[in-house]
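User: I have a structure here that I would like to go through with you. Could we start with the overall layout and then turn to details?
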Amino acid sequence: MGTGDRKPRPPVRMCVRCEVTTETPVVVAVVHQNSGPGFVVYACQECAVRYPPQRDVLTAPRPSDRTEGGR
Ligand SMILES: [Zn+2]
């Protein structure tokens, strides 16, 4: 008891491009490291649109690979 008054902070991340903290971070890249867990690169929604798509084919299959039929 005692620390029940703390409110959880919103997931604020810093944009990797414009370096502005955003409350709506978008994952643009995931960096894997040999030692320890990797880290996720975030960008604000405005930058995420212009950010180049990931080229990781293993984890991100191309949407064009799915032939979506009309029916
Ligand atoms: Zn940004």
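Analyst: Certainly. Read from the N terminus, the elements follow the order β-β-β-β-α, that is, one helix and four strands. Please note that this is a predicted model.

User: How confident is the prediction, then? What is the mean pLDDT of the protein?
Analyst: The mean pLDDT is 78, and 66% of the residues reach 70 or more. Where pLDDT is low, the predicted coordinates should not be read in detail.

User: And among the elements, which has the lowest mean pLDDT and which the highest?
Analyst: Strand β3, residues 26–31, has the lowest mean at 88, while strand β2, residues 21–22, has the highest at 94.

User: How much of the protein is buried?
Analyst: Of the 71 residues, 13% are buried. The accessible surface amounts to about 6,900 Å², and carbon and sulfur atoms account for 51% of that surface.

User: Which residues form the largest nonpolar core?
Analyst: That core has seven residues, namely Cys15, Val28, Val41, Ala43, Cys44, Cys47 and Ala48. Strand β4 and helix α1, which spans residues 45–50, are the elements that each give two or more residues to this core. As general background, nonpolar side chains in soluble globular proteins tend to be buried together.

User: Take Ala48. Which residues does it contact, leaving aside neighbours within four places in sequence?
Analyst: With those neighbours set aside, Ala48 is in contact with Val26, Val28 and Ala43. Ala48 itself belongs to helix α1. Its C-alpha atom lies 9.7 Å from that of Val16, and 32 residues separate the two in sequence.

User: On that theme, what share of the contacts between residues at least 6 apart joins residues at least 24 apart?
Analyst: The share is 31%.

User: Now Glu46 in the helix: buried or exposed?
Analyst: Glu46, which sits in helix α1, is exposed because its relative accessible area of 62% is over the 50% cut-off. The C-alpha atoms of Glu46 and Pro25 are 9.9 Å apart, with their positions 21 residues apart along the chain.

User: Changing topic, which residues make the nonpolar surface patch?
Analyst: Val27, Val30 and Val40 make a patch of about 200 Å². Val40 is located in strand β4, residues 39–43.

User: Why does Val40 count as partly exposed?
Analyst: Its relative accessibility is 34%, so Val40 falls between the 20% limit for buried residues and the 50% limit for exposed ones.

User: One last item, the backbone. What is phi of Glu19?
Analyst: Phi of Glu19 is near 55 degrees, a positive value in a residue that is not glycine. Glu19 is placed in the loop between β1, residues 13–14, and β2.

User: And is the side of the chain at Glu19 buried or exposed?
Analyst: Glu19 is exposed, as its relative accessible area is 58%.

Methods: Residues are numbered from 1 along each chain as its sequence is written. This is a predicted model: local features need pLDDT of at least 70, side-chain atom pairs count only at pLDDT 80 or more; totals for chains, interfaces and linings use all residues. Side-chain values use heavy atoms; hydrogens and water are left out. Buried means under 20% relative accessible area, exposed over 50%, partly exposed in between (1.4 Å probe, protein chains only). Contact means heavy atoms within 4.5 Å. Accessible areas come from the Shrake-Rupley method with a 1.4 Å probe; for residues, only the protein chains shown count as cover. Patches are made of residues with over 30% relative accessible area and no salt bridge: like charges are joined within 9 Å, nonpolar side chains (Val, Leu, Ile, Met, Phe, Trp, Tyr) within 5 Å. A salt bridge is a side-chain nitrogen of Lys or Arg within 4 Å of a carboxyl oxygen of Asp or Glu. A nonpolar core is a set of buried Ala, Val, Leu, Ile, Met, Phe, Trp, Tyr and Cys residues joined through side-chain atoms within 4.5 Å. pLDDT is the predictor's confidence in each residue, from 0 to 100.
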